[in-house]
Amino acid sequence: MDIHISQKLLILLLILAVISIYLYTFNTCVVSSISKALPKWKHNPLISSDNVALHYTTSVRVVPLLEANETDASPKYRFFREQGLNPEQQLPSALIIGVKKGGTRALLEFIRIHPDVRAAGSEVHFFDKHYAKGFQWYRQKMPPTLEGQITIEKSPSYFITKEAPRRVQHMNPSTKLLVVVRNPVTRAISDYTQAISKKPDMKPFEHLVFVNGSDNSPIDVSWGPVKLGIYARYLARWLKYFPLSQFLFVSGERLILDPALELRRVQDFFGLKRVVTEKHFYFNSTKGFPCLFKSEGHSAPHCLGKTKGRNHPYINPVVLQRLRDFYRPYNIRFYHMTGINFGWS
Ligand SMILES: Nc1ncnc2c1ncn2[C@@H]1O[C@H](COP(=O)(O)OS(=O)(=O)O)[C@@H](OP(=O)(O)O)[C@H]1O
């Protein structure tokens, strides 16, 4: 009888062991195949690709990521209070100041996975639109944090706002400043794509990019999508108020091709443990972008919302070349200022 029971127990244990081995192997394969699938630029810090075309197959939910401000009513904060901890709202010690269409939302959503980083969900626009409301107002827009946690906010318009550098310095001269930059040609097209999605009767890009709409004329530097790409000009203003060591320049291209690598740089810059790693990301071939396995707000795999990663319109290659030529000297100046060659050609 005893022998009969222990045989049954043995078989049960064997089945459990087989299931555990299967699950472990499956998970390891999924994670390692993703990290193998993602292309790496390990030995090449220069970025040259304008259009990222990678093909991996996964199914995914596409959701807008935490666009709304979070509240402190969540179970997590209840738990903190029960433990006698008192999370408080603080002014940000780090800002993602730009650039528009650089990949700022992706960076914010990726870095906020880190347990020591807390972010304002939506763009607050304090240093450009709401400065008159005062720092108290600004602080109330921030999520509650525990001691040692970093509060971060992103409003890409800060980078080009004249008054912003002085105002940020006034708030805190040690503020850490993150700038996500992307090939200004691609950035201009991205900017235009967003504008035309809101105003479908806009003239074609090829018209708006030139003074008088004619390709015999110079590039129209007063047109927003073009003007914003002259990064060196805007950075020069910021450097009057902050040393270069307080900036981290994140490559928008690499944030797509190797998000874990860029996130490592960000965590190092913040002096944080490297918690956000390759295992948080997978590449979604339908979306054409890296997405998250899970984050604070979502336990299931998810990508950024529909307004991130739009299809760009076809642009005449001659016009593209004119734009590349136009930006070249400004890009070189930007590389010298930052000490980084972003490899935009
Ligand atoms: N993971 C991931 N998913 C989706 N999109 C991603 C991602 N990483 C970077 N990007 C790029 O981010 C571009 C939008 O940039 P921003 O978030 O800075 O735009 S905004 O200024 O806040 O409107 C967006 O530009 P478009 O492709 O033109 O839509 C993307 O190219």
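Two residues are in contact if their C-beta atoms, placed from the backbone, lie within 7 Å. The structure treated in these exercises is a predicted model.

**Exercise 1. The chain as a whole**

Determine what share of the contacts between residues at least 6 apart in sequence join residues at least 24 apart, and set this beside the secondary structure and the burial of the chain.

*Solution.* Begin with the secondary structure, which comes to 12 helices and 11 strands. Next, take the contacts between residues at least 6 apart in sequence, of which 78% join residues at least 24 apart. Finally, consider burial, where 32% of the 345 residues of the chain count as buried.

**Exercise 2. The shell around the ligand**

Identify which residues come nearest to the ligand, and which elements give two or more residues to the shell.

*Solution.* There are 19 residues around the ligand, and those that come nearest are T104, R105, A106, S190 and F289. Two or more residues of the shell are given by each of α3 (104-111), α6 (184-198), α10 (252-257) and β10 (289-292), with α3 supplying the largest share, 3 residues. Sorted by character, the shell holds 8 nonpolar, 6 polar and 5 charged residues.

**Exercise 3. Two annotated loop residues**

Decide whether G102 and R182 are buried or exposed, and work out which residues they contact beyond their sequence neighbours.

*Solution.* The unreviewed UniProt entry lists both G102 and R182 under "binding site", together with others including T104, R105 and S190. G102 is found in the loop between β3 (94-98) and α3, while R182 lies in the loop between β7 (176-181) and α6. A residue counts as buried if 20 or more other C-beta atoms lie within 10 Å of its own; G102 has 28 such atoms and is therefore buried, and R182, with 27, is therefore buried as well. Leaving aside neighbours within four places in sequence, G102 is in contact with P156, V180, V181, R182, R187 and G252, whereas the corresponding partners of R182 are G102, G103, R187, G252 and E253.

**Exercise 4. The packing of α6 and α12**

Establish how α6 and α12 are oriented to each other, and which residues meet where they pack.

*Solution.* Two packed helices are described by the angle between their axes and the distance between the axes. For α6 and helix α12 (residues 317-338), the angle is about 125 degrees and the axes are 9 Å apart. Angles of 65 to 115 degrees count as roughly perpendicular and those over 145 as roughly antiparallel, so α6 and α12 are oblique to each other. On the α6 side P184, V185 and A188 take part, meeting L320, L323, R324 and Y327 in α12. The residues of this contact divide into 6 nonpolar, no polar and 1 charged.

Notes. Residues are numbered from 1 along each chain as its sequence is written. This is a predicted model: local features need pLDDT of at least 70, side-chain atom pairs count only at pLDDT 80 or more; totals for chains, interfaces and linings use all residues. A residue is near a molecule or strand if its C-beta atom, placed from the backbone, lies within 6 Å of it. Helices (H or I, at least four residues) and strands (E, at least two) are DSSP runs, numbered from the N terminus. Ala, Val, Leu, Ile, Met, Phe, Trp, Tyr, Cys and Pro count as nonpolar, Asp, Glu, Lys and Arg as charged, and the others, Gly among them, as polar. Axes are lines fitted to C-alpha atoms, for helices over the stretch in contact, and angles run from 0 to 180 degrees between N-to-C directions. Angles under 35 degrees count as roughly parallel, over 145 as roughly antiparallel, 65 to 115 as roughly perpendicular and the rest as oblique. A residue is buried if 20 or more other C-beta atoms lie within 10 Å of its own, exposed if 12 or fewer, and partly exposed in between; C-beta atoms are placed from the backbone. UniProt positions are given in the numbering used here, feature names are shortened, and annotations may be inferred rather than shown by experiment.
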